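This report describes one protein model, beginning with the chain as a whole and moving on to a metal site and a single residue. Please keep the sequence and the coordinates at hand while reading.

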Amino acid sequence: MNSHISPAIIMRINEFGESDLLVTFFTPDRGRLKGVAKGARKSRRRFANCLDLFCLANLEYELKRKGDLHFLHSCRLINAFPGLRSDFFSLSLASHMIELTEILFPLGVIDGKMFELLENSFHILNHGARKDALGIFFDAKAMSLGGYRIDLNKCCVCGRDYKGEGRAVFRPNKGGICCLKCGEESTTSPGLSPDSIKVFGLMQSGRWKTVEELSFTNDVIQDIKKLLKLHIEYRIGRRLKTAEYLE
Ligand SMILES: [Zn+2]
């Protein structure tokens, strides 16, 4: 078995045995993996500054002969993203991004686009720009990549095309929006303005650069937060531990 080198984002670190660390990391080409860093608690030299939460590093690893555990051989730090630990909101948001990624992409599920989304989001959060919008952008896009894209082009009940005019209602159980003839606004089916629907559509399929350049109101952010909270809870079947930022 040969060792493999790839960029990786460190998702979790736990003590393992007497002197080792058990590390969960996310890679673009092999998805989420677990590996043992032998002796890492005694001497961190081999893993200099790399085995910390949220770090992006080039990791060299090798699959053990049995099971799905890897041996970590060495690593080289690319970016420690210090801004992610600089305040409580950034720390919560980064933890939330990790938690949602872990749920949507179990061991063995590979998606280079999800790695790119997580890495880019860490870069943006590290620089501290528009954190509120970044949080909902990440969730909208991650859910979409994870297979839970919301169809915004038509009413999920009567099938009528939605042309970007007038309010609509989000239906969590259908994972879609419906027209006001087919549904009423309520706390379990929140209403959405045409602006909110447009911005959400760009978050699901566009790039951060496009979203960042849009000017949208706080009402739009609140509409999308309500939608995402219900959407994630319905699809994932529970409330995430790290969902406070959606409150
Ligand atoms: Zn309808």
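Buried residues make up 49% of the 247 residues in the protein chain, and the reader should bear in mind that this is a predicted model. The chain holds six helices and nine strands, and its C-alpha trace spans about 65 × 35 × 25 Å along the principal axes. Among the contacts with a separation of 6 or more, 61% are made by residues 24 or more positions apart.

The surface and the charges can be described in similar terms. About 12200 Å² of the protein chain is exposed, and carbon and sulfur atoms supply 50% of that area. The chain carries 37 positive and 29 negative charges, and the mean positions of these two sets are 4 Å apart.

**The zinc site**

Which atoms coordinate the zinc ion? The donors are the SG atoms of Cys155, Cys158, Cys179 and Cys182, at 2.3 to 2.4 Å. The angles among the four donor atoms run from 103 to 117°, and the site is tetrahedral; all angles have to lie between 85 and 135 degrees for four donors to be counted in this way. Along the chain, the donors of the zinc ion follow the spacing C-x2-C-x20-C-x2-C. Cys158 belongs to the loop between strand 6 (151–155) and strand 7 (168–171), whereas Cys182 belongs to the loop between strand 8 (176–178) and strand 9 (191–192), so this pair ties together parts that are 24 residues apart in sequence.

The table sets the accessibility of these two cysteines beside that of Ser196, the residue taken up afterwards.

| Residue | Relative accessible area | Class |
|---|---|---|
| Cys158 | 44% | partly exposed |
| Cys182 | 27% | partly exposed |
| Ser196 | 1% | buried |

**The surroundings of Ser196**

Is Ser196 buried or exposed? Ser196 is buried, because its relative accessible area is 1% and buried means under 20%. This serine lies in helix 4, which covers residues 194–205. When its neighbours within four places in sequence are left aside, Ser196 is in contact with Asp219, Val220, Asp223 and Ile224. As for Asn79, that residue and Ser196 are 117 residues apart in sequence, and their C-alpha atoms are 34 Å apart in space.

Note on methods. Residues are numbered from 1 along each chain as its sequence is written. This is a predicted model: local features need pLDDT of at least 70, side-chain atom pairs count only at pLDDT 80 or more; totals for chains, interfaces and linings use all residues. Side-chain values use heavy atoms; hydrogens and water are left out. Helices (H or I, at least four residues) and strands (E, at least two) are DSSP runs, numbered from the N terminus. Buried means under 20% relative accessible area, exposed over 50%, partly exposed in between (1.4 Å probe, protein chains only). Contact means heavy atoms within 4.5 Å. Accessible areas come from the Shrake-Rupley method with a 1.4 Å probe; for residues, only the protein chains shown count as cover. Lys and Arg count as positive and Asp and Glu as negative; His and the chain ends are not counted. The place of a charge is taken as NZ of Lys, CZ of Arg, CG of Asp or CD of Glu. Donors are N, O and S atoms within 2.8 Å of the metal (3.2 Å for Na, K and Ca); water is not among the atoms, so sites may look incomplete. Four donors count as tetrahedral if all angles lie between 85 and 135 degrees; four count as square planar and six as octahedral if opposite donors are over 155 degrees apart and all others between 65 and 115; anything else is irregular.
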